[in-house]
Amino acid sequence: MSEQTRPLLEMRGVSKSFPGVKALDRVDLQVYPGEVLALVGENGAGKSTLMKILSGVHRMDEGEIYLEGKAVSLPDPLSSQKAGISIIYQELNTLNNLSIAENIFIGREPIAKNGLVDRQRQHREARALLDEVKLPLDTQTLTGKLSTAQKQMVEVAKALSFNAKLIIMDEPTSSLTNAETRTLFDIVRRLKARGVAIVFITHRMVEIFQIADRVAVLRDGQMAATMHARDTMETDIISAMVGREIGDLYVKEEAPLGEVALEVQGLSTKNRLHDVSFYVRSGEILGFAGLVGAGRSEVMRAVFGIDPRQSGTILVRGKKAAIRKTGDALRYGIGFVPEDRKEQALILDMTVKKNMSLAALDRVSRGWFIDRLRESRLAEKFVSLLRVRTPSLEQRVKNLSGGNQQKVVIAKWMANEPLILILDEPTRGIDVGAKKEIHKLMSDLARQGVAIVLVSSELPEVIGMSDRIVVMHEGRVKGSFDRRGVTQEEIMQMAVS
Amino acid sequence: MNPQDKKTNLSLWYRNSSAASTLTILLILLLMSTALAIAAPAFLKASNLLSTARNFSAIAVAGIGVSVVILTGNIDISIGSIYGLAGVSVAMLMKSGWSLVPAVAAGMAVGGLCGLANGLLVVYLRLPSYIATLGMMQIVRGVCYILTQGYPVSGMADSFKWIGQGELMGVPLPIYFMVLFALVFAVFRNRTKTGRRIFALGGNEEATRISGVNTKALKILCFVLAGVCAAFAGVINASKVGVAQPTAGNGFEMDAIASVIIGGSSMGGGVGTVTGTLIGAAIMGVLRNALVLLSVESYWQTLVMGVVIISAVTIDQLRKARR
């Protein structure tokens with residue numbers, strides 16, 4: 001493939017903002033017919049936003065998109081499909097209660113003269129498509145009975161039925177076995193030979209070198225680098241991914257380390273985690289780095305008694321802790337700020353006060369009855385301590401900004417005076433000011449002797465805040481670092497392979 | 001604060017506050033009553049008002065109970081059958097020589113057990129509450145028929161009639177029971193730890209669980225409470241009639257649930273007040289009374305009730321959607 005070929009897709013200066021975040025910042029990207037372009041970047045670098053603009057789910061704020069040299073606007077998924085762009089999401093969109101043929105032709109079933117669906121024609125056309133993707137299955141098979149890899153093939157067949165010129169695959173190999181991945185790569189090569197362009201989103205370096213012609217690296221919403229795979233080293237890609245400056249992030253202050261507060265030994269769960277062990281001392285912040293899907297949140301959920309464990313021991317202050325449900329974890333002095341504050345942490349329709357006291361009701365009650373004065377005092381204390389910007393304690397939390405909502409979640413657990421505090425992505429999606437405040441708060445808590453576990457996908461945050469860093473990859477602990485002297489590149493290197 | 005802000009705050013309050021919701025339906029009740037008083041002055045006679053209140057008190061008691069289940073985002077449609085079974089059980093026990101108080105306590109325990117079964121089905125078999133309680137509705141009704149062989153139970157000691165027919169200071173006893181249940185549940189829901197956790201569970205179950213709350217036990221408790229309340233409502237009714245019918249409470253669940261919904265509770269959970277449910281039950285009671293006073297053919301009554309349920313909820317929706 002030569003650079004003289006006219007690009008199939010060209011994006012120029014594409015920008016997109018969401019409240020508080022610039023998700024894409026003047027991104028330029030070319031994709032040529034018959035090439036495989038690997039799109040890589042850290043979590044939150046803008047890959048999914050870019051993809052959603054191409055699929056017509058989001059509209060760009062600025063910029064131009066050209067398909068085969070012609071300017072196009074992609075206001076909705078249908079026009080994107082018509083323009084020849086197909087997307088295969090990581091979470092597959094197959095309708096499991098329908099057959100393969102019905103899935104492929106949903107919404108555009110061939111109609112016979114009598115006004116009913118022409119099943120024979122549908123079957124014939126589906127057959128041809130399945131042959132093309134080498135899926136030797138009956139077209140009447142229920143999609144729900146297929147494996148993930150087979151469902152992916154159905155989606156590819158569907159993309160072909162649209163005469164897709166550009167197929168975007170979002171981490172298609174993440175749930176495939178090695179053999180299935182090889183089959184997928186065979187199909188990708190065949191598509192490529194037919195002149196279809198493939199954008200392949202992946203975290204796996206090995207795959208990039210196996211399948212990609214070029215690599216495009218996104219970082220903080222900007223196109224950090226594009227390079228030819230054949231004259232690129234893995235380290236080049238990694239340094240392009242992590243080039244973010246640590247800059248003026250808050251750095252944890254020194255705190256005296258005490259005894260081991262929490263120790264986890266050989267934790268495994270069904271299908272997800274394998275033999276995970278770690279410990280954290282009081283006064284210490286233990287960072288967990290890794291890519292999305294590495295299993296970090298799953299570890300925390302299992303430790304806190306949310307998800308069942310298959311094996312493994314949890315020790316709190318050296319003693320075996322029987323944590324089978326969340327209430328047990330609470331009694332052992334563990335607090336947990338989950339990764340999704342709206343879904344997992346807040347009762348959005350409840351007031352600031354009631355959210356803050358929810359995990360500490362025993363502390364503000366006399367017997368069975370809530371002492372409303374004590375409850376208000378508790379909430380007032382944390383509103384001023386954490387500087388939560390809210391018009392009153394009676395404000396519903398859904399009306400607060402993301403940063404203030406997160407402070408309410410943290411207050412909820414501080415109210416319970418935990419010995420161990422687990423924070424899963426505590427600063428995701430909040431503004432810089434609130435982020436700094438939360439970092440300072442974590443540092444203060446550590447100084448007061450709280451043992452903190454910090455899960456974060458932002459390497460500068462992990463490096464700045466942690467005393468030690470554990471790196472996870474595909475459900476296992478890959479290794480650990482002392483914070484001193486470790487670079488983002490070293491951590492990323494461990495996290496991707 | 002400039003006047004503009006003040007206005008916005010007021011309209012915000014009007015849209016969001018549950019007190020505003022209660023006020024709206026109270027207004028509907030008052031409007032209905034006024035219209036009825038004009039059309040049929042007999043409505044305002046003390047004896048008519050008291051008997052109307054007595055007639056909706058069973059609905060209110062069962063409604064208060066099932067509102068706790070609705071608060072968690074679930075539903076219990078077996079309460080009509082529980083209402084029937086409780087009446088039958090208490091009547092049979094008294095006929096076999098039990099005295100009033102232990103018999104009523106046993107009847108409420110039967111209701112509690114039915115609720116426990118509902119809760120276990122929903123929590124451990126993960127059945128949708130609508131399905132679990134649909135099944136229980138049939139099972140419990142079946143038990144009523146089996147126990148009675150289909151015949152009404154009568155011939156109890158006179159004390160049986162006390163709960164439904166007795167009076168204190170000229171006011172029928174069921175009204176006292178209704179007020180008592182309302183007070184106890186209002187305090188339970190708003191002032192106790194358990195009550196607060198039920199609201200939280202209805203607002204966001206996962207977040208509540210992650211806050212260290214045993215959400216399974218909590219949900220089961222809610223079904224038990226609904227069962228106990230429905231049972232007591234069934235006892236009030238059987239005592240009022242003086243006979244325990246195995247068919248008693250057929251369709252009663254819909255009246256109780258309607259009073260909760262008219263009262264401003266959200267079927268999605270997390271929102272609702274006891275006062276609202278009381279007013280909801282009152283609206284249903286006044287409406288029944290109106291149809292009787294205005295001599296509307298009884299076949300039309302059912303139809304009108306349906307229209308009122310839809311209108312009351314629509315008005316509440318409009319209030320919330322107002323910009």
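What share of the 323 residues in chain B is made up of buried residues? The legends below start there, and every view is drawn from a predicted model.

**View 1. Chain B, seen as a whole.** Buried residues account for 50% of the 323 residues in chain B. The chain's secondary structure amounts to 14 helices and 2 strands. Chain B has a radius of gyration of 20 Å, close to the 20 Å expected from the globule rule for 323 residues, so it is as compact as a globular protein of that length. Measuring tape in hand, so to speak: the C-alpha trace of chain B spans about 70 × 55 × 35 Å along its principal axes. If you like contact maps, take the contacts in chain B between residues at least 6 apart in sequence: 79% of these join residues at least 24 apart.

**View 2. Where chain B meets chain A.** Here 16 residues of chain B are in contact with 24 residues of chain A. On the chain B side, α9 (193–203) and α10 (205–210) each supply at least two of the touching residues. Sorted by class, the residues on this side of chain B are 4 nonpolar, 7 polar and 5 charged.

**View 3. The two domains of chain A.** The domain assignment splits chain A into domain 1 (9–94 + 146–241) and domain 2 (260–496). Taken over C-alpha atoms, the centres of these two domains of chain A are separated by 34 Å. Zoom in on where they touch, and you will find 11 residues of domain 1 in contact with 9 residues of domain 2. Helix α8 (residues 234–241) of chain A gives the largest share of the domain 1 side, with 3 residues. That side of domain 1 has 3 nonpolar, 6 polar and 2 charged residues.

**View 4. An open sheet in chain A.** This sheet has 6 strands in the order β16-β19-β20-β13-β21-β22 of chain A, and the pairing is mixed. Its edge strands, each pairing on one side only, are β16 (334–337) and β22 (476–482) of chain A. On average, neighbouring strands of the sheet are turned by 20° against each other, direction ignored.

**View 5. A strand pair and a helix on the sheet.** Strand β21 (residues 468–473) of chain A pairs with β22(A) in the antiparallel sense over 6 bridges. Within this view, V471(A) stands opposite G479(A) in β22(A). Helix α9 (residues 296–303) of chain A packs on the sheet, touching β13 (285–289), β16, β19 (420–424), β20 (451–455) and β21 of chain A. The direction of this helix makes about 145° with that of β20(A).

Note on methods
Residues are numbered from 1 along each chain as its sequence is written. Chains are lettered from A and ligands numbered from 1 in the order in which they are written. This is a predicted model: local features need pLDDT of at least 70, side-chain atom pairs count only at pLDDT 80 or more; totals for chains, interfaces and linings use all residues. Two residues are in contact if their C-beta atoms, placed from the backbone, lie within 7 Å. Helices (H or I, at least four residues) and strands (E, at least two) are DSSP runs, numbered from the N terminus. Ala, Val, Leu, Ile, Met, Phe, Trp, Tyr, Cys and Pro count as nonpolar, Asp, Glu, Lys and Arg as charged, and the others, Gly among them, as polar. Domain bounds come from an automatic or database domain assignment. The radius of gyration is taken over C-alpha atoms; the globule rule is 2.2 Å times the number of residues to the power 0.38. A residue is buried if 20 or more other C-beta atoms lie within 10 Å of its own, exposed if 12 or fewer, and partly exposed in between; C-beta atoms are placed from the backbone. Two strands pair if DSSP finds at least two bridges between them. Axes are lines fitted to C-alpha atoms, for helices over the stretch in contact, and angles run from 0 to 180 degrees between N-to-C directions.
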